[in-house]
Amino acid sequence: MKEKNVYTIPLSLLGIASLLYMGLEGSGSLVHILPLLLLIAILDLFPVRLLSGEEYSGSLAGFLILLLAYGPVPALYGILVSNVVSHLRSADFIWRKFNIFRLLSAQGKYSICLYAAHMIMERLDGTSIYVQAGAGALTFSLLYMLLAAIVKKTISGIPLLNNLVIKCKEIAVPVVLCTIIVPHFLVHLSLNYMVYETIYILLFLMLIIFFSYGYIRQVRLRRRGAEEFIRIGEMRISNRMEGHGHNVGIICEHVLELLGYPKKRRVDLINMAAIHDIGKMMLPLDILTKRGARSLSEEQQYQSHPVHSSKIVLNVSGDKKMSDWILHHHERYDGKGYPDGLQEKQIPYESRIIHMCDQLEYLMRHFEQDEEVIRRLENMSHKELDPELVSHIHTGTVAGLRQYMVYIETPGATELTSVIEPDKQQHRELSSITGGTRLLKYMGTGSLQRHEDLPSTVVYDLEILAARALVLSESFYEVLVSQGNTYEAHFYPETDWVAVVLNDITPALQYREDMHLHTLRAYRDVIRTLSHSKIDICLKSEEIVGELGEWIDEMEVNTRADVASSRTLVVQHIPEDFRLEHSKKVMSIKLAVSEAVTNLIKHAEEGKVAVYQKSGCYQIYITDHGSGIPLHELPKTILISGYSSKSSLGKGFALMYASADRIMLHTSPDGTAILLEFNEILEQAI
Amino acid sequence: MFTYRLELTGQQITVYCEGDIDIDAGDTFEEQLEPELAEASSVILNLGAVQFVDSSGIGLLIKLVQDLQEQERQVWIEQTQPEVMEVFQLLQLDEILGKDTFR
């Protein structure tokens, strides 16, 4: 809704009419009423501020005095003065900001109210002056309340009867004030008296204003202080969350207005809403900034933040109720929330409000369309959120809230980097294994926006794949390798464009490789010691290849029957006289080969067995392209001989260990190579 | 290649094994031999013609013998070749199945 609408335009026209009327009727003697006009101006210049944010100026009393003593036209002058002063004040006395339309429509509103009050008081003429003043004040205030509510309804969509009870209570203040002050003035209506009275009231007002300003300043300071701490905390948590607390506070303030929440407790609740996440500062940074899903223990830790927050609040305020509001701000309406799993009305009303404001802020931050925000908020109704609360929020509300939101506050942002830096140092090791991730958009026009640091071949491949994703409208991922870098690209097609998430996984792969080498070295040392240098774990497959002597024979291994064939192959190259003389030795060679090839069949399915000779030493070289063997099993198989070691690898390896004179082993995710050596077998041969 | 021949004497079955017992013998053991022994109250495994057994083969033997023993049936292993016996000892098969299983 616009500010200028069918309702406010007639009001402003009425305002113009009222000004014209004042001009035509003539000012009479303005001198008489000058002290009163001055009083009105002062009252409007320094209204009494209340903590709820409402401001009371006693100018209504001035209007009624003018009306009763001098008639409608001077009263209209009083209204004009009051209007101009209060509008100037709300425009911070900057002429550019002065809204003449609002002034006119306010003048219109006041004129209607004044006319009605005038009518009522004329009817009551002859009765007590107190009754007249009271009735006039009541009429004026009630009518004004009604007119203002209609304006709010047409401009911001706030329901007509919103806050009715509270507003009626508030009307009591001006009515009582006028009933006392107005007759008092009218009795002593002389110029001297008015000057004296004006100064007297002024002094009184100054005293009240002095204290109220001091008090309000302290309260503001406290709230701003808390908000600033939260903001620093949010900076530390994540740049994306900056201003979240502040925004939730603002949303809460407006939501409470819609709900008609008692004004007395509003400020407390707004403050709590602003600092609801303060407990997150107690959590380790890596949990808060983790990109993927949190592990179970991390999730538990994360879910402890309301408990931390509530403890902090309890320490600061000593108020158990307020700390409970915070404690339960992640409870869900359906009972699936935390920390206590409360449901529906078990959850404190205030916690439900904070939860909704929290979610609303999050949605408004992520979705620019107000309709989308409302759609998602309504989806949460009954599940996360109290449906009654959600029913108060509409697209108009969201649109209204947007103008108060703070998303980026540039001043101070750079200074705060020092808060984040020390933590970044600690996490450097972690971040060094994750490469850059970026989001690219493929708009379906055949070319992706260029990125200077990406190899052109990768961009070319991405374009082809993105075009395919668009045609198939299916998401998939692909690994691309170029210039020593490895990228993982995920394609998410929308209706007419494709989101491409490109991960540089080079550092992660390098990290894995480093870790693997590190582990291999550790195992090599352990196993070399345990096996008295009989087993050698090789870090690179080339180390084994370098040990190989002269090639004799080889065969492919594909099926279980090849286990027997490989034994035959190995035995047939052993000289016949050795076979007859050392049948036990031959048996142990057969056994070792049988075990090694059985492992190959079981774990890799296919591979190769080759035999070599190197100065009398018989070498059996078994390779496969399986996914490698678990090295952590090896020390166990050496220490525990016999069948008692349960693992299938164990038995086999223990037998190889017992049979062979030396074993070299290389294993990696790309495959395994084993070299079995048997000394002094082929000496007589060749 | 593993093969076997059965000889029935009353309630006693003698299994004459021949060839190598390795991973390749698994199917023959589990799908053919085991069901055929279901009726016998005592079983004799004759390994006289078995020249080679590896750890997979020993695994098959252990499973077969222990299954039969659990059903309270008597099992013996006899005429094991010395080279094969050496592998049995290497893997402490006599301790696992009980020394009186061998004869």
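Start where two helices touch: A:S583, A:K584, A:M587 and A:L591 in α26(A) meet B:E83, B:E86 and B:V87 in α3(B). Here, a contact means that the C-beta atoms of two residues, placed from the backbone, lie within 7 Å. Sorted by class, the residues of this helix-to-helix contact are 3 nonpolar, 1 polar and 3 charged. (Ala, Val, Leu, Ile, Met, Phe, Trp, Tyr, Cys and Pro count as nonpolar, Asp, Glu, Lys and Arg as charged, and the others, Gly among them, as polar.)

A quick note on what you're looking at: this is a predicted model, where local features need pLDDT of at least 70 and side-chain atom pairs count only at pLDDT 80 or more, while totals for chains, interfaces and linings use all residues. Residues are numbered from 1 along each chain as its sequence is written, and chains are lettered from A, with ligands numbered from 1, in the order in which they are written.

Back to our pair. Helix α26 (residues 583–603) of chain A packs against α3(B) at an angle of about 55°, and their axes are 10 Å apart. That angle is why α26(A) counts as oblique to α3(B) (under 35 degrees is roughly parallel, over 145 roughly antiparallel, 65 to 115 roughly perpendicular, and the rest oblique).

Now zoom out. The whole contact takes 19 residues from chain A and 18 residues from chain B. On the chain B side, α2 (55–70), α3 (82–90) and α4 (93–97) each supply at least two residues, and α3(B) gives the most, with 4 residues. Helices here are DSSP runs (H or I, at least four residues), as are strands (E, at least two), numbered from the N terminus. Chain A has 28 helices and 12 strands.

Definitions and conventions
Axes are lines fitted to C-alpha atoms, for helices over the stretch in contact, and angles run from 0 to 180 degrees between N-to-C directions.
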